[in-house]
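Reader: I have a chain in front of me and some terms I do not yet trust. Could we go through them one at a time?

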Amino acid sequence: MGTSGAMSTSNGYVKYNITVSTNWQSVGENYSSVNVKVNFWRTNSGYQTYGTGTVYCKINGTTYSASVNTSQKITSSGITLFNRDVAVPHNSDGSKYLDTSAWISLNTPLSSSEQSYGEWLTTIPRASSISGINGNTFGSSITVSINMASDSFTHIVDYMRPDGNRFRIGENVGTSCTFTPALEDSNYVTNSSQGTARIYVDTYQNGTFIGWTSKDFTIYVPSSVVPTINSVNLTENTSGIASKFGCFVQGKSTIKGKILASGAY
């Protein structure tokens with residue numbers, strides 16, 4: 001809860017302030033229920049100020065009012081002449097600076113100029129973040145660690161392999177999710193031993209989508225994946241030598257080689 005400083009009126013002995021407090025917050029709908037009060041008091045005792053009129057209060061750009069009657073007396077003990085609960089939407093990142101202002105007009109007479117007070121409301125948690133990805137090899141386990149923005153959040157986690165196809169690897173996930181990318185996914189890393197993959201985390205609260213985040217990481221073809229050499233065939237490439245000598249002759253032969261091999265993934 002926040003409270004403004006003392007604000008002046010046309011009567012030097014009558015002051016007022018604005019108090020702002022948060023009743024509760026809706027994480028799913030990204031707003032706060034806020035209570036705003038305008039409180040009046042006299043700085044000297046033994047006197048009363050009363051009359052009929054209106055107290056005005058502007059909250060987040062909208063002006064509200066409360067009628068005042070003669071039974072509502074301003075004394076040194078203080079009195080609240082405006083009290084209202086308002087739903088205040090937050091920004092997309094969950095933050096919100098709330099502007100308020102207030103003024104009074106009574107037939108006593110008692111009046112004031114519009115005077116302002118503002119404060120930051122408690123930030124509403126939005127999408128959780130990816131705090132780490134442990135593991136980076138096809139065919140081996142990889143653990144995604146999630147920094148939960150709220151204990152009430154759950155997450156859906158997807159893996160996007162290097163060819164751009166996206167696969168579900170976890171639902172109703174809390175702080176971590178472990179999966180094993182198929183060794184056969186090495187097929188989608190060509191002419192290289194590594195590629196770029198991506199993890200997506202969608203955040204939910206009670207089935208309501210809150211937001212999402214993603215993180216790229218380098219994924220490697222394991223060292224166990226190597227081509228296979230099936231055969232090597234070496235033959236004489238200089239005419240007449242093979243038929244005459246039946247072997248290679250140093251300084252005379254030239255050798256033709258043919259290698260048959262199979263690629264891996």
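Author: Start with one pair of residues: the bridge partner of Thr154 in β16 is Tyr204. Keep in mind that this is a predicted model.

Reader: What makes β13 and β16 a pair of strands?

Author: Two strands pair if there are at least two bridges between them. Strand β13 (residues 153–160) and strand β16 (residues 194–205) have eight bridges, in the antiparallel sense, so they count as paired.

Reader: Where do these two strands sit in the sheet?

Author: The open sheet has four strands in the order β14-β13-β16-β17, with antiparallel pairing. β14 (166–173) and β17 (208–220) are called edge strands, as each pairs on one side only. From one strand to the next, the twist averages 20 degrees.

Reader: Why is the contact of Asp158 and Arg168 called a salt bridge?

Author: The cut-off is 4 Å between a side-chain nitrogen of Lys or Arg and a carboxyl oxygen of Asp or Glu. For Asp158 and Arg168 the N to O distance is 2.4 Å, so the pair is a salt bridge by that rule. Asp158 lies in strand β13 and Arg168 in strand β14, so the salt bridge ties together parts ten residues apart in sequence.

Reader: How do you know whether Asp158 is buried or exposed?

Author: Buried means under 20% relative accessible area. Asp158 has 4%, so Asp158 is buried. Arg168, at 46%, is partly exposed, because that class runs between the buried limit and the exposed one, over 50%.

Reader: What makes Arg166 and Asp202 a salt bridge?

Author: Their N to O distance is 3.9 Å, and the rule asks for within 4 Å. Arg166 is in strand β14 and Asp202 in strand β16, 36 residues apart. Arg166 is partly exposed at 41%, while Asp202 is buried at 12%.

Reader: Which residues are linked in a network of salt bridges?

Author: Asp158, Arg166, Arg168, Glu171 and Asp202. Within this network, Arg168 also meets Glu171, at 3.3 Å, N to O. Glu171 has 52% relative accessibility, so Glu171 counts as exposed.

Reader: Why can Phe248 belong to a nonpolar patch on the surface?

Author: A patch residue needs over 30% relative accessible area. Phe248 has 44%, so Phe248 passes that limit. The patch consists of Ile229, Val232, Leu234, Phe248, Ile255 and Ile259, with about 620 Å² of accessible area together. Its largest share, three residues, comes from β18. Phe248 is in the loop between α1 (241–245) and β19.

Note on methods
Residues are numbered from 1 along each chain as its sequence is written. This is a predicted model: local features need pLDDT of at least 70, side-chain atom pairs count only at pLDDT 80 or more; totals for chains, interfaces and linings use all residues. Side-chain values use heavy atoms; hydrogens and water are left out. Patches are made of residues with over 30% relative accessible area and no salt bridge: like charges are joined within 9 Å, nonpolar side chains (Val, Leu, Ile, Met, Phe, Trp, Tyr) within 5 Å. Accessible areas come from the Shrake-Rupley method with a 1.4 Å probe; for residues, only the protein chains shown count as cover. Buried means under 20% relative accessible area, exposed over 50%, partly exposed in between (1.4 Å probe, protein chains only). Axes are lines fitted to C-alpha atoms, for helices over the stretch in contact, and angles run from 0 to 180 degrees between N-to-C directions.
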